[in-house]
Amino acid sequence: MLFHLLSPLQPYWEPFRLIYYISFRAVGAAVTALLMAFVVGPLIIARLRSMALHQVVREGTPDSHKAKGTTPTMGGLIILAATIIPTLIWAKMNNRYVLLALVVMAWMGGIGFLDDYLKLRQKRLGVKNEGLVERYKLAGQVVIGVALGLYLWLDPISTLPGASTTVPFFKYVLVVPLSIGFAWLYVPFVTFILTGASNAVNFTDGLDGLAAGLCAIAAVTFAIYAYAMGRIDVSGYLQLFYLRGAGELTIFCAAMFGALIGFLWFNAFPAQVFMGDTGSLALGGAIGAVAILLKSEFLLAIIGAVFVAEVVSVILQRSVFKYRRKKFGVEFAKANRVFLKAPLHHHFEMKGWPETQVVVRFWIIGILCAFLALGTLKLR
């Protein structure tokens with residue numbers, strides 16, 4: 001918005017030329033998002049408390065989490081407001097990269113909001129807290145995945161084929177399903193990435209500050225990638241594919257980073273508010289969308305390695321338990337679980353690690369993965 005308002009004034013006052021620099025607007029978006037989180041955070045938390053919108057504690061979580069049932073949830077509204085509004089202020093609003101990322105984030109946030117609302121409503125009615133029926137939640141995620149995949153395939157937003165992706169560690173290697181007659185595979189691929197990313201962040205959101213910190217690390221890493229791929233000089237030097245207009249995603253990622261750092265002010269141990277599915281699904285969808293738009297889906301597995309590990313731990317735990325229950329009986333299956341508790345962060349809690357220790361160590365692993373991902377910029 002500011003770009004469109006101030007750029008025509010540049011001939012009349014030289015400092016207005018700063019609005020042309022993505023780096024300047026990205027910093028502006030991050031600072032605006034951080035301050036907005038500080039401003040709207042207490043207001044939203046107070047409103048959630050007054051409405052008694054408290055966290056629904058999942059069955060089987062460690063006993064130390066029981067007291068968290070009195071902590072407000074749906075704090076993802078803070079993240080959504082502090083990401084979307086600064087992006088609208090600082091980014092070019094005719095940029096399709098930004099618009100698509102915002103749509104995906106808002107859509108996923110809407111699904112999460114509905115899930116949180118139903119859980120809380122069911123809690124008040126004294127029925128089982130299942131929230132949105134799993135297949136309906138999955139259907140909503142699949143719908144936006146299919147829509148994004150079809151849009152990018154049929155109406156490419158860069159000079160590269162719409163149905164394509166790049167491979168880390170290789171320069172100018174583009175995987176194009178169309179070249180082998182399977183372009184339609186791109187749509188389920190995009191759907192899988194979006195659905196997997198949103199659910200991965202949702203699984204990870206179980207400890208104070210864990211998901212928010214890891215998503216902040218992922219956001220700033222993708223901001224660097226978006227900036228590099230959106231500049232013809234930098235992308236040429238690093239031997240990356242140049243994506244005209246993709247640099248604007250730097251502003252979206254910077255706003256998300258600022259919003260998450262601001263949210264951590266209230267979400268760090270002991271948390272004053274939880275993001276709930278409203279925040280976790282929105283963040284996972286946003287990060288997944290950025291990876292897809294930058295044609296860096298495989299890079300997402302490196303940047304979000306902790307998220308991947310959390311999902312794998314849940315899948316492995318369930319699959320092995322079902323197999324052993326069928327083969328050896330329920331008691332044997334319960335006594336011989338792969339992890340003490342899934343997702344993975346609960347396993348380390350059960351081993352005696354304090355919650356804050358688990359969170360900080362997972363953050364450190366996330367930073368290490370981010371460095372590895374950034375290393376692919378030169379290791380080609």
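How many of the 19 residues of α9 are buried? In this predicted model, the count comes to 16, so α9 is mostly covered, given that buried means under 20% relative accessible area. The helix, residues 249-267, also has about the length one would work out on paper. At 1.5 Å a residue, its 19 residues should span 27 Å, and the end C-alpha atoms turn out to be 26 Å apart, which agrees.

Part of the picture around α9 is its packing with α7, residues 210-229. A pair of packed helices is described by two values, the angle between the axes and the distance between them. Here the angle is about 160 degrees and the axes lie 8 Å apart. Because angles over 145 degrees count as roughly antiparallel, that is the label for α7 against α9. The crossing of α7 past α9 is left-handed.

As for who meets whom, the α7 side of the contact includes Ala 212, Gly 213, Cys 215, Ala 216 and Ala 219, along with Phe 222 and Tyr 227. On the α9 side, the residues include Leu 249, Thr 250, Cys 253, Met 256 and Phe 257, with Leu 264 and Asn 267 also among them. Sorted by type, the contact has 17 nonpolar residues, three polar ones and no charged ones.

Helix α6, residues 186-204, passes the length check too: its 19 residues should span 27 Å at 1.5 Å a residue, and its end C-alpha atoms are 27 Å apart. With 14 of the 19 residues buried, α6 is largely enclosed by the rest of the structure. Phe 192 sits in this helix, yet its own side of the story is exposure. Its relative accessible area is 59%, and since exposed means over 50%, Phe 192 falls in that class. The C-alpha atom of Phe 192 is 9.7 Å from that of Gly 288, a residue 96 places away along the chain.

A further exposed residue is Lys 378, at 52% relative accessibility. Lys 378 belongs to the segment that follows α15 (355-375). Setting aside neighbours within four places in sequence, Lys 378 is in contact with Tyr 237 and Leu 238. For Leu 238, the C-alpha atoms are separated by 6.3 Å, although the two positions lie 140 residues apart in numbering terms.

Note on methods
Residues numbered from 1 in each chain as written. Predicted model: local features only at pLDDT ≥ 70, side-chain atom pairs only at ≥ 80, totals over all residues. Heavy atoms only, no water. Helix = DSSP H or I, 4+ residues; strand = E, 2+ residues; numbered from the N terminus. Expected span 1.5 Å × (residues − 1). Buried < 20%, exposed > 50% of the residue type's maximum accessible area, 1.4 Å probe, protein only. Axes fitted to C-alpha atoms, helices over the stretch in contact; angles between N-to-C directions. Parallel < 35°, antiparallel > 145°, perpendicular 65-115°, else oblique. Left-handed = near helix turned anticlockwise from the far one by under 90°. Contact = heavy atoms within 4.5 Å. Nonpolar A, V, L, I, M, F, W, Y, C, P; charged D, E, K, R; others polar.
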